[in-house]
Amino acid sequence: MTGTPFLYERLAEELVAAIAAGRLPNGARLPSIRQLCADHGISPATAFQTYATLEARGLVEVRPRSGYYVRTRQASRPLPPPVARPRPGAQKVSVSELIFELLGSVQDAAVVPLGSAFPPAELFPFEALARSGARAMRQLKPAQITGALVRGDEPLRELLHRRHAQQGVALDPDELVITHGAMEALNLCLQACTRPGDVVVVESPTFYAALQTIERLNLRALEVATDPQEGVDLAALEALLKQRRVAACWFMPNFQNPLGALMPLAKKKALVALLARHGIPLVEDDVYSELHGGAHRPLPAKAFDQAGLVLHCSSFSKCLAPGYRVGWAAAGRYTAQVQRLKMMSTLATSLPAQRAVADYLAHGGYDRHLRQLRQALSAQRQRAARQIARHFPAGTRVTHPEGGYFLWLELPAGVDALALSQDALAQGITTAPGVLFSADQRFVHHLRLNIGRPDDVRVDEALRTLGGLARRRLTGL
């Protein structure tokens, strides 16, 4: 299975590389649309899409009646946290108690849930989904109920297959399995390609649900250095694979949780090729890719999989239907094992939920909803970054992701993030302290913040309070 990036995406990546290398410095004027077309033999539409992609990533700005320029980065703007260098060696994992406490605190409706992993419910079309569900169930024939066991509802699977194909991912229709959310897909996929005691490579930091799954399956976690902007360090990963016997990798190439990193297309392709040379499966968590800030959804690693070693997992929970728990796995050569494991555990996914989602997708409202959702989240990311720059202590560093709804903060060394989280909870604010995102609980000065809520005033006030609490921790006053 292959996926070819669009022409504008390739050209955008070339310009990103030139900016990163300094060949296009801050404030440099970029070629006009006409000149870009002439230089590269492209259409005006492709040229506009190229610049729109760079503008969405915050790298380019439009000046009225002047043209396109490399955006000037102010020296006072917070910098991304540096690449994390994990400690060597595989770790036994024990994070469930801390995570259980966090999830308990975010259930209180009175708190501002900056620590939540869930998207804000206000951004989703629940009334339209309810109408879709009612319409779909009226049309359901009794014989179809048992026909949806294990693999999932056929109309939904067909819609997913078609949507992936339109986005440049050529899946085998038979490898799609509908699951009870992405978490079931990820759990089943990791279990399908590992045995107790095996070593699983994860990002550093990584999503705590990956650590929970590794803990539950009695596996060991081996962390690999991860760049806050471009994801897994492939040189560090290759060194690990030469030194250790690894059973699988669990990565999130698109808008990684908690960093928000987006792995470039060429790097995704290189990652898949590297793992294929070693015969190591990749469990790909791709739940945030629909929440991109560019013109098109970034391709998953699955698009470059020719060996059936990428077990691609996603869901509608983050982009359409929180609470419906409709996810899927495209498990490649591990499809049969995933199906057997599902049959022995949950057997089937809720058919009414599947039918509601399928009906909504079929009636054409999904992409319109996604455009509105992306615009709202993009505005929230920018607004929250400004508040953090204004209210947090000097020396605070923050990521600037191009999608999703998380920001990852590195606080000054004098601020214990777990203690700060407890201070914030006393003020009615939850956060996700960095110790949750590593097997050895070592991100002691870090926070992940969920900034997706459209209630700007409430979030603004929470960030102002949190910044003040951090300054108080730093000064001891």
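This passage describes the sheets, enclosed spaces, aromatic pairs and unusual backbone sites of a predicted model.

In the eight-stranded open sheet, the strands follow the order β4-β11-β10-β9-β8-β5-β6-β7, and their pairing is mixed. The edges are occupied by β4 (176-180) and β7 (231-232), each of which has a single partner strand, so that one side of each is left without a neighbour in the sheet. Helix α7 packs on this sheet, where it touches β4, β10 and β11, and the direction of the helix makes about 115° with that of β4. Two of the strands touched by α7 are also joined to one another, since β10 and β11 (residues 326-330) run antiparallel and are linked by four bridges. Within this pairing, His 312 has Ala 330 of β11 as its bridge partner.

A further open sheet is formed by four strands in the order β12-β13-β16-β15, and here the pairing is antiparallel. Its edges are held by β12 (397-398) and β15 (432-433), and because each has a single partner strand, one side of each is left without a neighbour in the sheet. The antiparallel strands β12 and β13 (residues 406-410) are joined by two bridges, and Val 398 has Leu 409 in β13 as its bridge partner. Helix α14, which spans residues 366-391, lies across β12, β13 and β16 (446-450), and runs at about 20° to β13.

Enclosed space was examined next. Six cavities of 30 Å³ or more are held within the structure, and the second largest of these contains about 80 Å³ of space. Its lining comprises 15 residues, and those that lie nearest the centre of the cavity are Glu 290, Arg 297, Phe 316, Trp 328 and Tyr 366. Two elements, α7 (154-166) and β10 (310-315), give two or more residues to this lining, and α7 supplies the largest share, with three residues. The helix that packs on the eight-stranded sheet is therefore also a contributor to the wall of the second largest cavity, because a residue is counted in the lining when it has an atom within 4 Å of a cavity point. When the lining of this cavity is divided by class, six residues are nonpolar, five are polar and four are charged.

The second largest pocket contains about 380 Å³ of space. It is lined by 22 residues, of which Phe 118, Met 183, Phe 207, Ala 209 and Gln 212 are the closest to its centre. The elements that contribute two or more residues to the lining of this pocket are α8 (181-192) and α9 (208-216), and the most is given by α9, with five residues. By class, the lining of the second largest pocket consists of 12 nonpolar, six polar and four charged residues.

Helix α9 also takes part in an aromatic contact. The structure holds 11 aromatic pairs, and in one of them the ring centres of Tyr 208 and Phe 437 are 5.5 Å apart with the ring planes at 50°, so this pair is tilted. Because Tyr 208 lies in helix α9 whereas Phe 437 lies in the loop between β15 and β16, the pair ties together parts that are 229 residues apart in sequence.

Several backbone sites were also noted. The peptide bond from Ser 204 to Pro 205 is cis, with omega near 0°, and Pro 205 is placed in the loop between β5 (199-204) and α9. Another cis peptide bond joins Asn 257 to Pro 258, for which omega is about 20°; Pro 258 is found in the loop between β8 (248-251) and α11 (265-278). Asn 218, a residue other than glycine, has a positive phi value near 60°, and this residue lies in the loop between α9 and β6 (220-227).

Terms used
Residues numbered from 1 in each chain as written. Predicted model: local features only at pLDDT ≥ 70, side-chain atom pairs only at ≥ 80, totals over all residues. Heavy atoms only, no water. Pairing = 2+ DSSP bridges. Contact = heavy atoms within 4.5 Å. Axes fitted to C-alpha atoms, helices over the stretch in contact; angles between N-to-C directions. 1 Å grid on protein atoms, 1.4 Å probe; cavity = no way out; pocket = protein on both sides within 12 Å on 5 of 7 lines; lining within 4 Å. Points joined across faces, edges and corners; volume = space filled by probe spheres on them. Nonpolar A, V, L, I, M, F, W, Y, C, P; charged D, E, K, R; others polar. Phe/Tyr/Trp six-rings, centres within 6.5 Å; stacked < 30°, edge-to-face > 60°.
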